[in-house]
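Subject: Structure handover and what was found in it

Dear colleague,

I am passing on the structure we spoke about, and I would be glad if you kept it open beside this message while you read. My notes on it follow directly below.

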Amino acid sequence: MTQGALQARQLSMAFGDHVVLDKIDFEVRDGEFLSIVGPSGCGKTTLLRLLAGLMEPTSGELLANGKKIDGPSRDRAIVFQDYSRSLLPWRSVWTNVALAFESQGIPRAERKTRAYALLERMGLSAVGEYFPGQLSGGMQQRVQIARCLAQEPTVMLMDEPFGALDALTRQTLQDEISRLAAERKVTVVFITHDLEEAIYLGDRVVALAPNPGRIAETLSVGLARPRNQLTTRETPEFLAHRHRLFKLLIEH
Ligand SMILES: Nc1ncnc2c1ncn2[C@@H]1O[C@H](COP(=O)(O)OP(=O)(O)O)[C@@H](O)[C@H]1O
Ligand SMILES: [Mg+2]
């Protein structure tokens with residue numbers, strides 16, 4: 001029996017008497033790219049914070065590699081939508097990326113070499129000495145991703161990470177994150193309210209219905225990789241998935 005990288009069993013979360021997530025069961029397989037899609041307010045961020053170990057569920061179980069999640073772990077890195085608030089504005093780009101190395105006690109020269117290797121990978125080596133506020137939104141989000149990778153996580157938890165970017169930058173970053181996830185064999189939980197983004201990126205898509213948040217459907221995407229912004233999105237399979245999810249979300 002394979003053990004999922006992450007498992008939720010009968011997971012519920014309420015704030016006071018407001019039930020936000022109601023008895024959710026799902027599994028994220030090792031190395032899988034799982035998209036979670038749902039309308040605004042259905043509990044996506046709450047679910048991600050639970051997976052990160054930033055809060056405790058009201059009831060039910062959450063497991064990482066078969067062990068109860070009882071707090072944040074370096075194994076699970078989080079990428080937030082709001083890159084401008086997640087980077088430290090007074091630190092240079094490379095020292096933002098090197099944060100994880102500092103907490104591991106790695107000497108400065110090595111921190112710099114390793115941070116620049118990640119920046120290079122993200123096409124950012126020319127701006128390592130800049131401050132975050134001097135970069136475009138797309139570049140800042142790349143810095144945040146590089147900083148997460150520095151943690152060498154086994155799981156990346158991403159909360160609408162490309163939601164604030166323009167369409168073209170967003171597509172470029174979608175392809176980069178796909179490539180990185182495959183290359184590093186990292187498990188990804190990717191939250192979005194964009195149906196097409198969920199399908200384009202995911203091995204599977206979990207669709208949440210609101211009030212209270214619960215799983216409406218889990219869909220296996222099955223589109224060949226690497227995916228292509230033009231041709232993948234034009235395949236009958238892609239369109240069928242889009243149709244299906246769109247109808248589901250309209251129904252609820
Ligand atoms: N810390 C909190 N205290 C009280 N209510 C909260 C808290 N966090 C989220 N909520 C409520 O939970 C619901 C789901 O929020 P959220 O998980 O942010 O949804 P989404 O990310 O899908 O837009 C909302 O009604 C929100 O107001
Ligand atoms: Mg949210």
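Strand 9 and strand 10 form a hairpin, with four residues lying between the two strands, and since you will be looking at a predicted model throughout, please read each value here as one computed from that prediction. The two strands of the hairpin, strand 9 with residues 204-209 and strand 10 with residues 214-220, pair in the antiparallel sense over six bridges; as an example that you can look up in the display, Val206 stands opposite Thr218 of strand 10. In the turn, Asn211 has a positive phi of about 55°, and the peptide bond that leads from Asn211 to Pro212 is cis, with omega near -5°. Pro212 itself has its place in the loop between strand 9 and strand 10.

A cis peptide bond also joins Arg225 and Pro226, where omega is about -5°, and Pro226 is placed in the loop between strand 10 and helix 9, which covers 231-234.

Turning to the sheet, it may help to recall that strands of a sheet pair through backbone hydrogen bonds, either parallel or antiparallel. Here four strands form an open sheet in the order 2-1-4-5, and the pairing is antiparallel. The edges of this sheet are strand 2 and strand 5 (67-68), each of which pairs on one side only. Strand 1, made of residues 6-15, is joined to strand 2 in the antiparallel sense over seven bridges, and one position to find there is Phe15, whose bridge partner in strand 2 is His18. Strand 1 also contains Gln10, a residue other than glycine that nevertheless has a positive phi, near 50°.

Which residues surround ligand 1? The shell consists of Phe15, His18, Val20, Pro39, Ser40, Gly41, Cys42, Gly43, Lys44, Thr45 and Thr46, so that Phe15 and His18, the bridge partners mentioned above, appear again. Sorted by class, this shell has four nonpolar, six polar and one charged residues. Strand 2 (18-28) and helix 1 each supply at least two residues of the shell, and the largest share, three residues, comes from helix 1.

Several oxygen atoms of the ligand can be followed to particular residues. A backbone N or O atom of Gly43 lies 3.1 Å from an oxygen atom of ligand 1, a backbone N or O atom of Lys44 lies 2.9 Å from an oxygen atom of ligand 1, and an N or O atom in the side chain of Thr46 is 2.6 Å from an oxygen atom of ligand 1. On its own, ligand 1 has 560 Å² of accessible area, of which the protein covers 57%.

Finally, there is the question of empty space inside the protein. Rolling a probe the size of a water molecule over the atoms shows where empty space is left. The structure holds one cavity of 30 Å³ or more, and about 40 Å³ of space lies in the largest cavity. Its lining is made up of Thr45, Leu48, Arg49, Ala52, Ile78, Phe80 and Asp159, which by class gives four nonpolar, one polar and two charged residues. Helix 1, residues 44-52, provides the largest share of that lining, four residues. Thr45 is thus worth finding in the display, as it belongs both to the shell around ligand 1 and to the lining of the largest cavity.

With best wishes

Methods. Residues numbered from 1 in each chain as written. Chains lettered and ligands numbered in written order. Predicted model: local features only at pLDDT ≥ 70, side-chain atom pairs only at ≥ 80, totals over all residues. Heavy atoms only, no water. 1 Å grid on protein atoms, 1.4 Å probe; cavity = no way out; pocket = protein on both sides within 12 Å on 5 of 7 lines; lining within 4 Å. Points joined across faces, edges and corners; volume = space filled by probe spheres on them. Nonpolar A, V, L, I, M, F, W, Y, C, P; charged D, E, K, R; others polar. Near = heavy atom within 4 Å. Polar contact = N/O pair within 3.5 Å; in protein donor to acceptor, adjacent residues only side chain to side chain. Areas by Shrake-Rupley, 256 points an atom, 1.4 Å probe, with all protein chains shown as cover. Pairing = 2+ DSSP bridges.
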